[in-house]
Amino acid sequence: MTSPPTQGRQPDSHQPRQGDADLLRAAQSILFAQERERIGALEKEIGARQDAEAQIAALQEQVARLEAKLKETERRQEDHLLDLQTSISILNYKNFGKSESLLSRLAPVFSRLIGQRIEEDRDEMAEAFSPIMGEAIRTQIRNSRQDMVDALYPIIGAVVQRSVADTLREIQRNIDARLRRTSGMVWRSLRARLRGVSSSELALRDAIPFSVRQLFLIQHGTGLLLASYPAEDRELSSGMIGGMLTAIREFARDSFGRGQTDTELDEIQYGDERIIIRSGQHVYLAAVIGGVEREGFHAQLNEFVSELHVQHENELRYYDGDPDTLPPLQPKLAQLIERLTIAVSDRPHPLSRMQRWLVFIMGVGGALLLALACFYLQFTIALFPLAFPGPSPTATGTLAPTLTVTPKPTMTPVPAATAAPMAVPTITPSPPPTQTPTATLTPTQTVTPSATVPPSITPTATLTPTPIAASMIGHVYALTEPKLFTPRAGLVFKETAVVITAVYDTWARIEWADSDGVHTGWVLLKWINLREPVPASLVTPTVVGIP
Amino acid sequence: MKTIQKKICLLGDFSVGKTSLIRRFVEERFDEKYLSTIGVHMSRKRLERGDHLLDFFIWDLAGGEDFDVIGPNYLRGAAGAIIVCDLTRQDTLAALSKYANRLREINPKAALVFVGNKIDLVDERTISDADLVVELDSLANTYLLTSAKTGENVDQTFVRLADLIEG
């Protein structure tokens, strides 16, 4: 019989005992300590490598993801770029292809920008636009004239209307002034009477004086007084005038201007004084006057205001009450009032219609008289040689009026002959006259004609040239004419005293005396010893009748 | 001494005391009779301001319903304004903003001084300080309580305005 397996186990002799096992473990630990350490280190190294590999893998995965993302981004960008290019193409087609569309889209933007800029700095914008404004307006007028007409009509219409009204007033004043100036004229009195105006009323009208009493320069809106001349003693009232005038003008504009900003009060009458107002862009000029202003007065005020704005536009515009910011305006007002006063008192009055007619008629008459006088003078000069023919060198009727020798009846009047050149006294024989009194010789005696000459002949010498004395330098035959081969008049001996009475070309007409009497003849100048130059009055450049 | 000129306006509803304030300020007296302004009443007051003189040209405008018609032209160029309400009439309070805005439309840089007038009528007062503060809150302005009858704060009002204009 065997024992049941449930009995207790008996110790195995082959199994190590508990103490041995401990020893064994101790020995193992001693023997394998180094290996264990190495194994641990290896395990750690393996773990580290595994971690590094895991990190590398993770990084690689991340890189892959980034690369994928990058590719995706690039693809999207390419798509977006394509979309943009497409959009640009579409926009180009829509906008650049249709500039009007582009303009319509941009216009509001530009308008807003420009409006904003103008609000921020109005002056700068004005400076920027001013150079092209003229050209822009011209272009706009050229392109759309009707639009410009429509736009400008309210302004131009009012300006024209005002100008016409001013002109009409000027005409009225002109007529009035002319009426006053034509005092004393019957015509004026008649006209006045026809209109029911008595002479006394007319005289009273003439007596109305005109004076510029004060000038005020006032800023629009504020009514601040910029300057006045003459300066008021009461400074307060001067300052108040600016404000009150401005208030009155504003009131008139509001009440009667019917909303129009370009119509304004330009004249106020108070008693015998009137305030004439001429307005500029920033200031207006108020002139207190008495009487009826002369023509051109308003134009002078307008010119002053315009000139002031041209010269001091900014100072006037930005005046805020500080006088240091203003140019010296009072001297300008003083000059203006002086000009106006001088113009009124000293300026020559324009002529009336009738006076102008009188001046015109007198001018025309004077011109006619002058023309007639010129014509008469010219006519006289032209006809003088015909009426009084010049002397002929062929004169035969000669006379030596300066000699004292008793004359013999040698005068032989030839009806066809003319007076000897410039040396023949006036002789009027009767019957027929033989000489023409054109000679220039001045006789000094009255020749008593001989028996062969009718007793009625009394030569009246009127000749003026003085013959010159000379002497002959050779024996020469004197000829009857200043020409060779003509008949001889006589022989003149050397050193004979002669008198030269005329010169023609190289010939001289001489007179000499001998026992037979006085002779006359022509000799060549070269045979004469001239003691003095021959005066021009004796020289005859052209001789009528010389063959 | 240099004299600087400034245009200022008095604004406010009918019968709030604008003309009386000016009379008290300019002429240093008070007229018990109410003078209804027609259009504009012009006054001038000179203040000594250290190294210079300041001439206030005071435009007293007609208040009330005509303001919309005649106001803008009169406000042009004003360096400042005193806007007045009647402390005994509640309906004049709301007009302060209306006048202030209107003036600022025309002159954005205009200096403003708000005034509650008739402080002497203590028993009849219907506008409190709180009402004024609330009303003027949006305008960022303080106010002065005046009496044209007694002269209380009248000069100070104009001096305040001068300070604001020249400040």
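Before looking at any helix pair I fixed one cut-off for myself: an angle of 65 to 115 degrees between two axes counts as roughly perpendicular. I also keep in mind that this is a predicted model.

**Entry 1, the helix pair in chain B**

I looked up helix 1 (residues 18–27) of chain B against helix 5 (residues 154–166) of chain B, and found that their axes come within 9 Å and cross at roughly 90°. With the cut-off above, helix 1 of chain B and helix 5 of chain B are therefore roughly perpendicular to each other. I then asked which residues make the contact, and noted B:L21, B:R24 and B:F25 on the helix 1 side, meeting B:V154, B:D155 and B:F158 on the helix 5 side. Sorted by class, I have four nonpolar and two charged residues in this contact, and no polar ones.

**Entry 2, the sheet in chain A**

Turning to chain A, I traced an open sheet of five strands in the order 2-1-5-4-3, with antiparallel pairing. Strand 2 (225–229) and strand 3 (267–270) of chain A each have a single partner strand, so I record both as edge strands with one side left without a neighbour in the sheet. From one strand to the next, I read an average twist of 15°.

I followed one pairing in detail: strand 1 (residues 211–219) of chain A joins strand 2 of chain A in the antiparallel sense over four bridges, and A:F216 stands opposite A:S228 of strand 2. Lastly I checked helix 9 (residues 297–311) of chain A, which packs on the sheet and touches strand 4 (273–279) and strand 5 (283–290) of chain A, its direction making about 40° with that of strand 4.

Methods. Residues are numbered from 1 along each chain as its sequence is written. Chains are lettered from A and ligands numbered from 1 in the order in which they are written. This is a predicted model: local features need pLDDT of at least 70, side-chain atom pairs count only at pLDDT 80 or more; totals for chains, interfaces and linings use all residues. Axes are lines fitted to C-alpha atoms, for helices over the stretch in contact, and angles run from 0 to 180 degrees between N-to-C directions. Angles under 35 degrees count as roughly parallel, over 145 as roughly antiparallel, 65 to 115 as roughly perpendicular and the rest as oblique. Two residues are in contact if their C-beta atoms, placed from the backbone, lie within 7 Å. Ala, Val, Leu, Ile, Met, Phe, Trp, Tyr, Cys and Pro count as nonpolar, Asp, Glu, Lys and Arg as charged, and the others, Gly among them, as polar. Two strands pair if DSSP finds at least two bridges between them.
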